[in-house]
Amino acid sequence: MREENVSNVNMEFFVDMQRCIGCKACEMACAECETNGHESMIHVNYVDRAHTIQTTVQVCMHCEDPVCANVCPADAISKDEFGIVHTANSERCIGCSNCVQACPFGVPKKQESYDLMMKCNMCFDRTSIGKKPMCATVCPSGALYFGTREEIAEMRPNSTPVKRFVFGEEIVNTKVNLMMPKGSTELKVF
Amino acid sequence: MVSAGAGNKKAFGLDRGSNNYSDLEYAEVIIVAGANVSETFPTLTHWIWKARDRGAKLIVIDPRVIPLARTADLHLDVKPGTDSALYGAMLNYLHEKDLLDHDFINNHTSGFEETLAAVKTHTLSWAEQVTGIQKEKIQQAAEWWGKAKTSFLLHARGIEHHSKGVDNVVGCINLVLATGRIGKPYCGYATITGQGNGQGGREHGHKCDQLPGNRDITNPEHRKYIADVWGIEEKDLPGKGLSAYEIIEAIHRGEIKGLLTICFNPLVSLPNSNYVREALEKLEYYVAIDFFLNETARHADLVLAGSLQEEEEGTTTSAEGRVIKINKAIDPPGDAKTDTSIILELASRLGAKDKFTYENSEAIFNELRVASKGGTADYYGITYQRIVENMGMFWPCPSLDHPGTPRLWEDRKFKTPDGKAHFNPAPYRPPGEVTDNEYPVVLTTGRVVSQYLSGTQTRRIGKLVGQYPEPQLEIHPELALKFGIEQREVVKVSTRRGEGLFPANIVDTIRKDTVFIPYHWPGKLSANLLTPGTLDPVSKIPEFKVCACKLEPQGHIAPPAEKSSAFKSS
Ligand code: SF4
Ligand code: SF4
């Protein structure tokens, strides 16, 4: 938590859902940013509040082959050379919500007031100048961590970062890592 | 008004958490008792996870499946008001199985035999009956605790805000002392004191029975020392005062007629709000200093606009006993003044200007350094410069070349009169109010992560209000079925003191005999309309955490939370 606010090219994003305590500090931190019009681009939700207190936290996973961009009829979503999949270009986006429907992680949200799709861009304005994403600097549980693979391996010997997701017959490789039980290689969703 | 403080003084002769949190990192077993860490002290979560990443076992004691309990190795869902029965049974078990540190007990403690004798009848089966926790779980907790080589026990208001808060605290400490795991690396014990200088306020002398440095206001030597520091006659120092709730009682009795408060909103934060309101109405003169006009300040004859932490320079002492510097970021707006300047001006108008001649906040801190010197909470070696250079300094720090004391008791020299750590007998006794036919359900109260204390700040911030807009009645589906309550149905909750209307949130994550309401709201949404003012005989803390209530569904579903009246302040 107290790490210096500096990044290097080897830093990656690691998400560990089991640690999430649902405090929404990440949402508040994200919403402080003017780039997003004070809307949070990270989403914390109860899984099933009637039966459990468990929450999930979702950032954009920055897919290698982003389906959100592939289904966009206006070519408004682009992936840059660093692998960051950007929010819709406001001049191009027609608000059709194809991406909202298509993303396997439920990330893009259409902001009705702007008639625009907005999504997490891994705080590109920060990470590109060596700062960590806002959410990862405030998360009190370590559910969100931004650092190197070596650091995470040292800190969390019982978990393995996974960036391959299998949705039925669809395989999605991502830039963002999900922490899974030690030895896991992929997350399968049936 | 601090059960943890009273318990720690009895056991250690000193009122501070014994360790800083980095001692959690390699603890083998961690007990978190009555502390909804994830919602009330979220930054502690990652310390606990650091230990868990190294294989630590986590035991959470709470009537609800709080976020930390969801993944805990063991969750003891204790019935509110029965905590001391659990600790008693665990101590008894440690003795039976001889999971004790005899060397430590013999050489560094006193009172073990009496303490053990007091819980002789607290068997696992008996404890299961009383606490509602399966005896296998209690046994497992005691086994893990007894056999660990390193450990950390943390507790907070969940065990302290009881009419036997002190019993609960010493019950926890007894478990720590019995295993001798204190004053060593990764062997810790601490209460999680409140964030806003909850620790510092105590040793600075804000408590009605204390003088700076944790000195005792009834001790003639302590009085003499402080009178000399302040340049006054010892006889001019007042004697022991009343704690917060006792002040409300004394107003009722007509013994107190005037009141000055700073950042205090008892109409929301003290139990039995109707009784508190009656007291406020009886006051002849009331001056409230606060940064926003809170519900209580509406009863004031005069309101002085004070400052937020961001608007004033000073220090705060964290739950770890770490003194931290806070810097002024902005000026108080409009006619508002810093709290310090208001107090200095009051002193001046009262004719004591010559005693309050501080040039700046550092000069005030330097006086505290001298005033605390030689006391158990010795700040003398801590200067503004050292705080900044070291990212905070831990008291006791008696001299300028002393490094501070992150971990207490490494020297085994306890601050009690006999220099030993004291076991204190804490046999179980029932809470101040138990359920009966008329009031058949246990009510407990607490907090949510997006609101802070009485909400004077946080109920004004839109996004935080949006996160949890109104107090809900958390209730188990079986209990809801019994009373015919549906999801989000408005329920009248009443106790012997008052009633309120709350929408039901039916969840599996609470005991079947207990309902929960968070307390941050005023007026008809106040959980403290319901809570009792029964005080702990030693600490004088009221029993926020347990009483008996009645549930009556009102036959209509509450409107969606966004449209609720929670946005209005009363
Ligand atoms: S996670 Fe969703 S929004 Fe992010 S890149 Fe992949 S498909 Fe697009
Ligand atoms: S800040 Fe961290 S723990 Fe809190 S909700 Fe976000 S991900 Fe979860």
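**A pocket shared by two chains, two sheets and a pair of helices**

Hi everyone. Let's begin where chains A and B meet around a pocket: the lining of the second largest pocket takes at least two residues each from α1 (25-31) and β2 (43-46) of chain A, and also from α20 (462-467) of chain B. Please keep in mind that this is a predicted model.

How big is that pocket? The second largest pocket has a volume of about 1,000 Å³. Its lining counts 43 residues, and those closest to the centre are A:K24 and A:Y46 from one chain, with B:G466, B:Q467 and B:Y468 from the other. If we sort the lining by class, we get 18 nonpolar residues, 13 polar ones and 12 charged ones.

Now let's turn to chain A and its sheet. Here we have an open sheet of 5 strands, and reading across it the order is β6-β1-β8-β7-β9, with mixed pairing. Which strands stand at the edges? They are β6 (144-147) and β9 (187-189) of chain A; each has a single partner strand, so one side of each is left without a neighbour in the sheet. From one strand to the next, the twist averages 40 degrees.

Let's walk across part of that sheet, starting at the β6 edge. Strand β1 (residues 12-15) of chain A is joined to β6(A) by 4 bridges, and the two run antiparallel. If you'd like a residue to look for, find A:F13, which stands opposite A:F146 in β6(A).

Moving on from there, β1(A) also pairs with strand β8 (residues 170-181) of chain A, this time in the parallel sense, over 2 bridges. A:F14 is the residue to pick out here, and its bridge partner in β8(A) is A:N177. So β1(A) is a good place to see the mixed pairing: its pairing with β6(A) is antiparallel, while its pairing with β8(A) is parallel.

The next step takes us to strand β7 (residues 159-167) of chain A, which pairs with β8(A) in the antiparallel sense over 8 bridges. Among the residues involved, A:S159 stands opposite A:P181 in β8(A). These two strands form a hairpin with 2 residues between them, and there A:G168 takes a positive phi near 60 degrees.

While we're on chain A and positive phi values, here is another one. A:H62 has a phi near 50 degrees, and it is a residue other than glycine. You'll find A:H62 in the loop between β3 (55-58) and α2 (67-70) of chain A.

Over to chain B, which has an open sheet of 3 strands in the order β12-β13-β14, with antiparallel pairing. What is left without a neighbour in this sheet? One side of β12 (314-317) and one side of β14 (393-394) of chain B, because these strands stand at the edges and each has a single partner strand.

On one side of the sheet, β12(B) and β13(B) pair in the antiparallel sense over 4 bridges. One of the pairs is B:T317 with its partner B:V323 in β13(B). Their hairpin has 4 residues between the strands, and B:G321 takes a positive phi near 85 degrees there.

Strand β13 (residues 322-326) of chain B is also joined to β14(B), by 2 bridges, and that pair runs antiparallel. B:V323 turns up again here, with B:M393 as its bridge partner in β14(B). B:R322, in turn, stands opposite B:F394 in β14(B).

Follow the chain a little further and you come to a cis peptide bond, from B:W395 to B:P396, with omega near -5 degrees. B:P396 sits in the loop between β14 and β15 (421-422) of chain B.

My last stop is a pair of helices. In general, two packed helices are described by the angle between their axes and the distance between the axes. In chain B, helix α8 (residues 124-131) and helix α9 (residues 135-147) pack at an angle of about 115 degrees, with axes 8 Å apart. Is the crossing left-handed or right-handed? The crossing of α8(B) and α9(B) is right-handed.

Which residues make the contact? From α8(B) they are B:L124, B:S125, B:A127, B:E128 and B:T131, and from α9(B) they are B:K135, B:E136, B:I138 and B:Q139. By class, that contact divides into 3 nonpolar, 3 polar and 3 charged residues.

Thanks for listening!

Definitions and conventions. Residues are numbered from 1 along each chain as its sequence is written. Chains are lettered from A and ligands numbered from 1 in the order in which they are written. This is a predicted model: local features need pLDDT of at least 70, side-chain atom pairs count only at pLDDT 80 or more; totals for chains, interfaces and linings use all residues. Side-chain values use heavy atoms; hydrogens and water are left out. Axes are lines fitted to C-alpha atoms, for helices over the stretch in contact, and angles run from 0 to 180 degrees between N-to-C directions. A crossing is left-handed if the near helix is turned anticlockwise from the far one by less than a right angle, and right-handed if clockwise. Contact means heavy atoms within 4.5 Å. Ala, Val, Leu, Ile, Met, Phe, Trp, Tyr, Cys and Pro count as nonpolar, Asp, Glu, Lys and Arg as charged, and the others, Gly among them, as polar. Two strands pair if DSSP finds at least two bridges between them. On a 1 Å grid over the protein atoms alone, a cavity is a set of points where a 1.4 Å probe fits but cannot get out, and a pocket is an open set with protein on both sides within 12 Å along at least five of seven lines; lining residues have an atom within 4 Å of a point. Grid points are joined across faces, edges and corners, and a volume is the space filled by probe spheres set on the points.
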